[in-house]
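User: I have a structure open here and I'd like to go through it piece by piece. Can you help me read it?
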Amino acid sequence: MLVQEDVYDKHGAGMKPVLVLGGAGFIGSHTCKALKRAGYLPIVIDNLVHGHIDSVKWGPFEKGDISNPSDLDRVIEKYRPECVMHFAAFAYVGESVQDPARYFQNNVCGSITLLDAMRRHGLDRIVFSSSCATYGEAGPLPILETHSQMPVNPYGFTKLVIERALADYGAAYGIRAVTFRYFNAAGADPDGELGERHDPETHAIPLAIRAALGLGVFKVFGTDYPTPDGTAIRDYVHVSDLADAHARALAYLDEGGKSVAVNLATGAGTSVKEMIGAVERALSRPVPREYVSRRAGDPPALFASPARAYDLLGWTPRFTTIDQIVASAAKWFERHHSGD
């Protein structure tokens with residue numbers, strides 16, 4: 001299947017075009033880099049509400065919105081992609097509680113608009129970014145893909161709705177999907193080309209790094225959890241490892257793989273105190289902190305088994321320690337925080 005000749009001239013002949021919704025965001029942009037390395041041409045659609053145009057470096061950019069069918073039709077007709085990656089979701093849990101309408105409109109209605117555009121144009125493969133938030137308050141650890149999904153906030157529920165929609169669209173229309181349930185995406189591109197830039201920032205590692213660099217005070221939510229040091233435990237996954245999994249998912253679908261949901265996790269948990277220690281080691285600076293009460297709905301520990309990702313995709317995280325993950329993020333923030 002061919003794309004326009006000028007696209008090949010500018011970005012590399014012979015590459016398989018992939019439509020990447022939300023490709024200007026944190027995980028999307030890192031994935032575009034991995035796709036280009038794997039022989040795919042990422043065609044980015046992003047409305048730039050949360051994305052950054054300067055993060056689109058490995059293929060064409062088209063400004064557009066997932067909820068606008070004409071935007072999708074225009075770009076699909078122009079580039080004739082072979083498959084789709086969907087990162088174009090709003091992902092702030094607190095905001096989803098305060099303004100659920102915004103989340104249902106974008107994350108649910110927008111995703112259905114995308115799936116219907118795929119049907120119109122004969123696209124039958126998609127890699128979908130879901131979330132560990134679909135599990136809700138986790139039961140036995142490590143979390144397996146077979147565990148119950150009972151989200152406790154609108155964000156997690158919108159992701160679960162689309163997981164169910166993908167199953168139904170697959171049965172009725174033949175669309176095959178790899179659904180990735182991310183745990184805590186973190187880190188930065190080891191080459192220094194990309195990093196984490198959210199506004200507002202809600203992720204723990206960049207907030208701790210910013211505090212160490214004199215840009216605030218890091219809040220530790222709860223020190224009385226039933227964990228070894230009293231702070232909550234989470235499963236941090238390097239964003240470059242997430243990106244690698246997406247490239248592997250395309251190869252899996254290209255080879256006829258069936259629809260499947262897969263955890264992207266390391267299988268190991270890191271406490272908030274342990275993460276702070278890694279930041280202090282990486283920057284050789286203290287992290288100013290404030291100890292406050294637990295947040296409602298925060299479980300003591302969340303980590304998941306990556307066994308299915310290994311079995312189906314041959315995926316194993318390369319960044320296996322919190323020090324490796326934090327060091328890559330700290331290096332990027334030291335260079336770029338003044339421009340935030």
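User: Let's start with Asp254. Is Asp254 buried or exposed, or partly exposed?
Analyst: This is a predicted model, and in it Asp254 is partly exposed because its relative accessible area is 29%. The cut-off for buried is under 20%, and exposed means over 50%.

User: What does Asp254 form a salt bridge with?
Analyst: Asp254 forms a salt bridge with Arg125, and the closest N and O atoms are 2.5 Å apart. Asp254 sits in helix H8, residues 239-254, while Arg125 is in strand E5. The pair links distant parts of the chain, 129 residues apart.

User: And Arg125, buried or exposed?
Analyst: Arg125 has a relative accessible area of 14%, so Arg125 is buried.

User: Which residues share partners in a network with those two?
Analyst: Lys16, Asp124, Arg125 and Asp254 are joined into one network by salt bridges that share partners.

User: OK. How many salt bridges does the structure hold?
Analyst: There are 21 salt bridges in the structure. One of them joins Glu62 and Lys78, with the closest N and O atoms 2.8 Å apart. Glu62 belongs to strand E3 and Lys78 to helix H3 (residues 69-79), and the two are 16 residues apart.

User: Glu62 and Lys78: which is buried and which is partly exposed?
Analyst: Glu62 counts as buried because its relative accessibility is 10%. Lys78 is at 30% relative accessibility, so Lys78 counts as partly exposed.

User: Back to helix H8. Which side chains four residues apart there meet in a salt bridge?
Analyst: Asp244 and Arg248 do, with an N to O distance of 2.9 Å. Because they are four residues apart in helix H8, about one helical turn separates them. Asp244 is partly exposed, with a relative accessible area of 25%. Arg248 is partly exposed too, with a value of 33%.

User: New topic: the sheet. How many strands, and in what order?
Analyst: Seven strands form an open sheet with parallel pairing. The order is E3-E2-E1-E4-E5-E6-E11.

User: Which ones are the edge strands?
Analyst: Strand E3 (61-63) and strand E11 (260-264) are the edges, and each of them pairs on one side only. From one strand to the next, the twist averages 20°.

User: How is E1 joined to E2 and to E4?
Analyst: E1 runs parallel to both of these strands. Six bridges join E1 to E2, and four bridges join E1, residues 16-21, to E4, residues 83-86. On the E2 side, Leu19 stands opposite Ile43. On the E4 side, the bridge partner of Val20 is Met85.

User: Is E2 mostly covered or mostly exposed?
Analyst: E2 is mostly covered, with seven of its seven residues buried. Tyr40, Pro42, Val44 and Asp46 point one way from the strand. Leu41, Ile43 and Ile45 point the other way.

User: What packs on the sheet?
Analyst: Helix H2 (residues 26-37) packs on the sheet and touches E1, E2, E4 and E6. The direction of H2 makes about 160° with that of E2. Helix H6, residues 154-173, lies across E5 and E6 and runs at about 155° to E5.

User: Switching to rings. How many aromatic pairs are there?
Analyst: The count comes to five aromatic pairs. One of the pairs is Phe104 and Phe157, with ring centres 6.2 Å apart and planes at 45°, so the pair is tilted. Phe104 lies in helix H5 and Phe157 in helix H6, so the pair ties together parts that are 53 residues apart in sequence.

User: How accessible are those two?
Analyst: Phe104 is partly exposed, at a relative accessible area of 32%. Phe157 also counts as partly exposed, at 39% relative accessibility.

User: Last one: Asn106. Where is it found, and is it buried or exposed?
Analyst: Asn106 is found in helix H5, residues 100-121. Asn106 is buried because its relative accessible area is 6%.

User: What does Asn106 touch?
Analyst: The side chains of Asn106 and Asn107 are joined by a polar contact of 2.9 Å. Beyond its neighbours within four places in sequence, Asn106 is in contact with Ile66, Ser67, Ala88, Ala89, Phe90 and Ser111.

Technical notes: Residues numbered from 1 in each chain as written. Predicted model: local features only at pLDDT ≥ 70, side-chain atom pairs only at ≥ 80, totals over all residues. Heavy atoms only, no water. Pairing = 2+ DSSP bridges. Axes fitted to C-alpha atoms, helices over the stretch in contact; angles between N-to-C directions. Contact = heavy atoms within 4.5 Å. Buried < 20%, exposed > 50% of the residue type's maximum accessible area, 1.4 Å probe, protein only. Polar contact = N/O pair within 3.5 Å; in protein donor to acceptor, adjacent residues only side chain to side chain. Phe/Tyr/Trp six-rings, centres within 6.5 Å; stacked < 30°, edge-to-face > 60°.
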